[in-house]
Amino acid sequence: MSYRKPLLIVALNLLLLIALALLLPEFTIMPGKTIAAHETIETDCFACHTPFLGSTAEQCINCHEVMDIGLKTTQGIAIDGERKNVAFHQNLIEEDCVACHS
C-alpha cells in the first residue's frame, strides 16, 4: 500500500490551513465578533495578541489604564449610565489582565 497519496493530501490540507490563517485570520481563527469597544481594532490581531504567545497584560495596559477600567473609556471619557462594580480593578496587586480575561 502506498502512503504517498494520503501524505500528499494531508500536506496540501495543512498548507491550505496555514495559508488561510495567515491571509484571512479574521475568518479562520477569530473566535467571534469583538465587543463594540474593540471594533476599531477588530482586524488588527496584533494590537492585542503576540504570535504564538497570545495576549499579555502589557498589551492591555497600552490602551486600558487599570485605575480607569469601568470608569472611563480608553480615550479618558467618563462612562455614564451603565455602572458596574469595578472597584476590584483599582485594588489589584498584580496587573495580570489575562488571569481573568481571555
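**Isoleucine 69**

I looked up where isoleucine 69 sits: in the loop between helix 3 (57-63) and helix 4 (87-90). I note here that the model is predicted. Next I asked whether isoleucine 69 is buried, exposed or partly exposed. Its relative accessibility is 23%, so isoleucine 69 counts as partly exposed; buried would need a value under 20%. I then took isoleucine 79, which is 10 residues from isoleucine 69 along the chain. I noted 9.7 Å between the C-alpha atoms of the two isoleucines.

**Nonpolar patch**

I turned to the surface and looked up a nonpolar patch of about 960 Å². Its members include Leu14, Leu16, Ile18, Leu24 and Phe27. Leu17, Leu20, Leu22 and Leu23 also belong to the patch. Which helix gives the largest share of the nonpolar patch? I found that helix 1 (residues 4-23) does, with 7 residues.

I picked leucine 17 from the patch and checked its place, which is in helix 1. Leucine 17 has a relative accessible area of 56%. The cut-off for exposed is over 50%, so leucine 17 is exposed.

**Negative patch**

I also looked up a negative surface patch and wrote down its residues: Glu58, Glu65, Glu94, Glu95 and Asp96. Where is the place of glutamate 95? I found glutamate 95 in the segment after helix 4. Its relative accessibility is 45%, so I entered glutamate 95 as partly exposed. A residue needs over 30% relative accessible area to be taken into a patch, and glutamate 95 has 45%.

Notes: Residues are numbered from 1 along each chain as its sequence is written. This is a predicted model: local features need pLDDT of at least 70, side-chain atom pairs count only at pLDDT 80 or more; totals for chains, interfaces and linings use all residues. Side-chain values use heavy atoms; hydrogens and water are left out. Patches are made of residues with over 30% relative accessible area and no salt bridge: like charges are joined within 9 Å, nonpolar side chains (Val, Leu, Ile, Met, Phe, Trp, Tyr) within 5 Å. Accessible areas come from the Shrake-Rupley method with a 1.4 Å probe; for residues, only the protein chains shown count as cover. A salt bridge is a side-chain nitrogen of Lys or Arg within 4 Å of a carboxyl oxygen of Asp or Glu. Helices (H or I, at least four residues) and strands (E, at least two) are DSSP runs, numbered from the N terminus. Buried means under 20% relative accessible area, exposed over 50%, partly exposed in between (1.4 Å probe, protein chains only). Lys and Arg count as positive and Asp and Glu as negative; His and the chain ends are not counted. The place of a charge is taken as NZ of Lys, CZ of Arg, CG of Asp or CD of Glu.
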